[in-house]
Number of protein chains: 4
Amino acid sequence: MGNTLGEVLRLTTFGESHGAAMGGVLDGMPAGVEIDAERVQAAMQRRRPGQSAITTQRKEADKVELLSGIFEGKTLGTPIGFVIRNEDQKSGDYSEMQQVYRPSHADYTYDKKYGVRDVRGGGRSSARETANWVAAGALTAQLLPEVSVHAFVSSVGNIFVNSPYEKMDFSLIDSNIVRCPMPEIAEEMIEAIEVAKKQGDTLGGTVTCVLRNVPAGLGEPVFGKLHARLAHAMMSINAVKGFEYGSGFCGAQMRGSEHNDRFNTDFSTQSNLSGGIQGGISNGMDIYFRVAFKPVATLMQPQNTVSKDGESAVLQPKGRHDPCVVPRAVPIVEAMSSLVLGDLYLQQRMQGMG
Amino acid sequence: MGNTLGEVLRLTTFGESHGAAMGGVLDGMPAGVEIDAERVQAAMQRRRPGQSAITTQRKEADKVELLSGIFEGKTLGTPIGFVIRNEDQKSGDYSEMQQVYRPSHADYTYDKKYGVRDVRGGGRSSARETANWVAAGALTAQLLPEVSVHAFVSSVGNIFVNSPYEKMDFSLIDSNIVRCPMPEIAEEMIEAIEVAKKQGDTLGGTVTCVLRNVPAGLGEPVFGKLHARLAHAMMSINAVKGFEYGSGFCGAQMRGSEHNDRFNTDFSTQSNLSGGIQGGISNGMDIYFRVAFKPVATLMQPQNTVSKDGESAVLQPKGRHDPCVVPRAVPIVEAMSSLVLGDLYLQQRMQGMG
Amino acid sequence: MGNTLGEVLRLTTFGESHGAAMGGVLDGMPAGVEIDAERVQAAMQRRRPGQSAITTQRKEADKVELLSGIFEGKTLGTPIGFVIRNEDQKSGDYSEMQQVYRPSHADYTYDKKYGVRDVRGGGRSSARETANWVAAGALTAQLLPEVSVHAFVSSVGNIFVNSPYEKMDFSLIDSNIVRCPMPEIAEEMIEAIEVAKKQGDTLGGTVTCVLRNVPAGLGEPVFGKLHARLAHAMMSINAVKGFEYGSGFCGAQMRGSEHNDRFNTDFSTQSNLSGGIQGGISNGMDIYFRVAFKPVATLMQPQNTVSKDGESAVLQPKGRHDPCVVPRAVPIVEAMSSLVLGDLYLQQRMQGMG
Amino acid sequence: MGNTLGEVLRLTTFGESHGAAMGGVLDGMPAGVEIDAERVQAAMQRRRPGQSAITTQRKEADKVELLSGIFEGKTLGTPIGFVIRNEDQKSGDYSEMQQVYRPSHADYTYDKKYGVRDVRGGGRSSARETANWVAAGALTAQLLPEVSVHAFVSSVGNIFVNSPYEKMDFSLIDSNIVRCPMPEIAEEMIEAIEVAKKQGDTLGGTVTCVLRNVPAGLGEPVFGKLHARLAHAMMSINAVKGFEYGSGFCGAQMRGSEHNDRFNTDFSTQSNLSGGIQGGISNGMDIYFRVAFKPVATLMQPQNTVSKDGESAVLQPKGRHDPCVVPRAVPIVEAMSSLVLGDLYLQQRMQGMG
């Protein structure tokens, strides 16, 4: 169960970071959906390592091979199998990782869970898995062409965007390498990342995501609420520590008389503290949410730790890692959003109201 | 799918707030677990309406009738069916609710989703559904007797606890009606709720929950991560807007060198910003998280709104509602925690390492 | 998982034969379906014990209480919870059953599986569980009003119907207590059952079922094939030993040139050895299948057996049991058919072709 | 849902017969299981086309590439992704298949279901899909090394084995190309197939399967009964029309006093008409069942049919097909048996009785 996301549109994935390949099966896509394979590859490019000076230098083409389920540019209604080969694995020498637990990684917990672990790298716990999600998300987005999904970096360390999303120009998101649509703030963020990087350190941050033109009626009470499904999907992304939607944690400090969204006579609402969802079901307004990412745990500085046998050890910096994950997390958050929406969209079709 | 929580320990529920009964089926409990039915009823009492001056005055005995799956005080390994009758329904006159959409409720979205709605009350969107969860959670807690689950109110409006949970005495949680283990802060919270209530207004707040003695190894990579499952469960609770665990949103402002939890030679960690979970798998340290609740949308003051036909209307205050839900949310957060832990505990059994 | 049938229309059941109640949750019914509760109760009457001289004399009203999901005669799109009380339990003295394993029952296997067992009766292994299925099937049938579902007894012991189903008058099925639409054959069957009953013995038999007006396109390749789902459902019924559809086991003796169903120009087929299903998907022709039931294992004659401790023992005849289950199996086969069709019908809606 | 088999050990597959590749993900295998990849490939060889004069001459190496989940010869507890390339696709000219519906194939029903179809060949409805199952089954068999799984051809057309399985020598199954352990009967079967082949015709047949050393306690009441799960799996195999276990359809003609299996004092039974399963749960005795396959629908003789537009047409013989599928079905039946047993074995682990 742990490797399947979704209930009627289901992504099942596989792959260790230093194994032969990542890949998966996207099952449940209805027949007749036009698929532009280049859009899938374009999404992969946004997540790919090595794309800028502030991302890891691991080199992966991240070429998605679509193996089934699509014929003459359209879905067949059958499962879409895909594979993404691992190329730059460098798994030659992993004697240290075999012995030493990296702090705030999953080495220890995988050993406790399974009694065995792919010591060549992060294995299944690596964020390389998110390549699968981006591929599947980009396929699913084509089921919902009218919906727009825009994620952007809303903070890096202590540097925050200082404007509500409604005032931003989302076409600027990819105008800079940190993927913040406010160019001046973006500059500050990039500088902060570069400083941390020079110090062998890392930074956390947040990603905000806005879903527009989501039809009203998506979300399944009571355990398939749209925002609960989004929370689950976002919390599945590596390094995520928190999720809030609409008014979020701020909303907990408000009074009901401030917080209620009054209806217009066309059933839109004057405010949108609800974040486009009421009772777990979309109401047609913008859906927006914010995701918190901790700083990357792999540092380019020595760290004290313990070995598998409980001996003190020092972990020497090595390898290729992101000083801050949020720029590359942007397409991942978008992909997970598409997967959740696609699943709930198909579930709603069963009401037969379309 | 919307009414089932869990994968191998599965709770499937039913019930409209003004229908005949709430109830459900808890399937997957292994055989031979000793069940104390009084512990179930005791949990219900903590969630029950009408228990104090700061909760709704709806009167419900919330007596859980266990119909199957238990014989001579032990589980049979078969599903546990249960029913909780609705008694104080007062569904006589619902002509207004039939016509007028309440702001920030699910009236409009249910109509958009289903084309029909139980207009006698909140129907399936009512928080009365959480009675089912508390019953099932209290059953599940008995599968995991060594684990301790403690939730408490950590803020009401702008009043916050001012101490880390490690310094609190959880035996004080139920010493006051707001369920905050810091008695002086609790007094302030109660007063704030009473003020809001007098004004016909409502307040939001947060609940923090601490899970102790959770065995290492629980959580299923990559879509069954323990914290993602907790997030999903908590976000399923009515009025919840946000979830964070461990360092949470604060962690996003930190550097990796500050945030990493160093190992002791017994594999415990010196700090616990990870919140007891690494790579989605419990590591044996305390698991803690915080849940944000918006202020209740039902106000005891007139509100402008629209009718089903898009006509302007005024919603008159009426009925019986909580001025602040967080005190009653405490046992709900605990119940949902137990359900998630129980499910992942049984999944881990399949590794055959026990 | 063991107590849930279906994927998007899901029946989850509970109940021990000598516990407080049977019951279940039918989740996934779309909103707006008109429900006639009397049709549900009428189906229960056909399955009910004590309805004729050739069925068990256990007395159960089998009154289904519908607790949720229906409002003003229509489904709400929310789960339908229901309860059927056990009345004639007679669980006073079960000291023998606690000690002695009944031959060809599930006493021994339940003990091996769970280490514990409800010794008051068959517990969860009792055919009383099928009361839940009949209730849920009768609800589901109302989702598919155009489909006709007719099961009938096609053999008892060595007495077989001697005509293809196309030549039968299904309105005669309930004209006799054995539920065979060929009255003269029915007489022979009844007599054979009465003879067996007098001898304290039991008889097996077969039930044939015909589904008409099933829309083409139902069935999900490759593990949700319509006939595989029917086989699973039928094999779930107590005492069933075999399933065949279309040409069935006879088809295995044929040549392809005999067996292929030639198309007419309206895409109907000239023969129907396929049984209305090709590649696991309905083709619009009649679907028909046959289900084999073993003779009831409870005899009204002494039987040698062993105790729980492995001691030789004699099981004395006692209690109230059916000399032949097939007459009462007819509504169960129909109910299971409806549940499978309803589930696949809703799955097909996701193709968006309706 | 249609492309996933199993509940906790789950096989999700993909692939069209004339697409790039078949493949799948086997999720749920516990960690630490020793995997011999050669055993997987050996199973593939038994299913492979072109292996003898009585099978299709399509040439496929059917090399399984294992992409994840296994490290240094042991499972990691993570999903096992695999791919099987399609090599001998010959999809150049498929203009006729695009236009004409083949009798008793899934061409018409796929069009009705999806509105679109991979016209290059059978697509998803092709028995080529079973290559995935054999791969996954051979992996799963290594989870259950003590269980023996033996299928064999028990009839071809009107030629039946004439001995109970207990008297057969299973080591002879692969001593002939028809896979019947009775060499003289095998000769007759082979001859019958050769005659049919010369006439451009095809034959049906049956496969019997025997599962030995299955531990008692496997099977999940009430919808996860072991025999119901086996029936579902077997009926999922292309061309299957019927399933029976234990006494099967013959059992329906018996009396209870003949049919009941009396216990020995070690809880084995003197007879085994139950087929090793009571109440859906294995009892430790041999499990045996029989599966009916219709004759292959592709004939090497002209057939009348209709075009997609409802015009009369003649289908000319072409291509490469099996005159009788049962010899190649033997490893498929075995693979599906292993998948069902593996799933139920892991479910039983959750009882914690191991």
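**Exercise 1. The overall build of chain A**

What percentage of the 354 residues in chain A do buried residues make up? Then describe the size of the chain and its secondary structure.

*Solution.*
Step 1. The model is predicted. Buried residues make up 69% of the 354 residues in chain A. A residue counts as buried under 20% relative accessible area.

Step 2. Take the surface next. The accessible surface of chain A comes to about 11,000 Å². Carbon and sulfur atoms account for 48% of that surface.

Step 3. Test the chain against the globule rule. A compact globule of 354 residues would have a radius of gyration near 20 Å. Chain A has 21 Å, so the value agrees with the rule.

Step 4. Add the box. Along the principal axes, the C-alpha atoms of chain A fill roughly 65 × 50 × 35 Å.

Step 5. List the elements. Chain A has 9 helices and 18 strands.

Step 6. Look at the contacts. Take those in chain A between residues at least 6 apart in sequence: 70% of them join residues at least 24 apart.

**Exercise 2. The largest cavity**

Find the residues and elements that line the largest cavity.

*Solution.*
Step 1. Start with the idea. Rolling a probe the size of a water molecule over the atoms shows where empty space is left.

Step 2. Count. The structure holds 10 cavities of 30 Å³ or more. The largest cavity contains about 1,200 Å³ of space.

Step 3. Go to its centre. The lining has 40 residues, and the closest to the centre are Met1(A), Arg10(A), Arg10(B), Arg10(C) and Arg10(D).

Step 4. Name the elements. In each of chains A, B, C and D, β1 (4-5) and α6 (226-235) each supply at least two residues of the lining.

Step 5. Sort by class. The lining has 12 nonpolar, 16 polar and 12 charged residues.

**Exercise 3. Helix α6 in chains C and D**

How many residues of α6(D) are buried? Follow the helix into its contacts.

*Solution.*
Step 1. Of the 10 residues of α6(D), 10 are buried. Among them are Leu226(D), Arg229(D), His232(D) and Met235(D).

Step 2. Recall the geometry. An α-helix has 3.6 residues a turn, so residues three or four places apart point the same way.

Step 3. Move to chain C. Ala228(C) sits in helix α6 of that chain. Its relative accessible area is 0%, so Ala228(C) is buried.

Step 4. Check the contacts of Ala228(C). Beyond its neighbours within four places in sequence, Ala228(C) is in contact with His232(D), Met235(D) and Ser236(D).

Step 5. Compare with a distance inside chain C. Ala228(C) and Tyr245(C) are 17 residues apart along the chain, and their C-alpha atoms are separated by 9.8 Å.

Step 6. Return to chain D. Ser282(D) is in strand β14 (residues 281-282). Its relative accessible area is 1%, so Ser282(D) is buried. Residues up to four places away aside, Ser282(D) touches several others, including Leu226(D) and Thr109(C).

**Exercise 4. Far in sequence**

Which residues is Gly6(C) in contact with, leaving aside its neighbours within four places in sequence?

*Solution.*
Step 1. Place the residue. Gly6(C) is in the loop between β1 and β2 (10-14) of chain C.

Step 2. Name the partners. Gly6(C) is in contact with Arg229(C) and Asp343(C).

Step 3. Set sequence beside space. Gly6(C) and Asp343(C) are 337 residues apart in sequence, yet their C-alpha atoms are 6.0 Å apart.

**Exercise 5. Unusual backbone**

Locate the cis peptide bonds and positive phi angles described here.

*Solution.*
Step 1. Recall the usual case. Most residues other than glycine have a negative phi, and most peptide bonds are trans.

Step 2. Take the bonds. Pro221(A) and Val222(A) are joined by a cis peptide bond, with omega about 0 degrees. The bond from Pro221(B) to Val222(B) is also cis, with omega near 0 degrees.

Step 3. Place them. Val222(A) lies in the loop between β12 (205-212) and α6 of chain A. Val222(B) lies in the loop between β12 (205-212) and α6 of chain B.

Step 4. Turn to phi. Arg179(B) is not a glycine, but has a positive phi of about 65 degrees. Arg179(C) also has a positive phi of about 65 degrees.

Step 5. Place these too. Arg179(B) is in the loop between β11 (159-160) and α5 (183-198) of chain B. Arg179(C) is in the loop between β10 (159-160) and α5 (183-198) of chain C.

Step 6. Buried or exposed? Arg179(B) has a relative accessible area of 7%, so it is buried. Arg179(C), at 7% relative accessibility, counts as buried too.

Terms used
Residues numbered from 1 in each chain as written. Chains lettered and ligands numbered in written order. Predicted model: local features only at pLDDT ≥ 70, side-chain atom pairs only at ≥ 80, totals over all residues. Heavy atoms only, no water. 1 Å grid on protein atoms, 1.4 Å probe; cavity = no way out; pocket = protein on both sides within 12 Å on 5 of 7 lines; lining within 4 Å. Points joined across faces, edges and corners; volume = space filled by probe spheres on them. Helix = DSSP H or I, 4+ residues; strand = E, 2+ residues; numbered from the N terminus. Nonpolar A, V, L, I, M, F, W, Y, C, P; charged D, E, K, R; others polar. Rg over C-alpha atoms; globule rule 2.2 N^0.38 Å. Buried < 20%, exposed > 50% of the residue type's maximum accessible area, 1.4 Å probe, protein only. Contact = heavy atoms within 4.5 Å. Areas by Shrake-Rupley, 256 points an atom, 1.4 Å probe, with all protein chains shown as cover.
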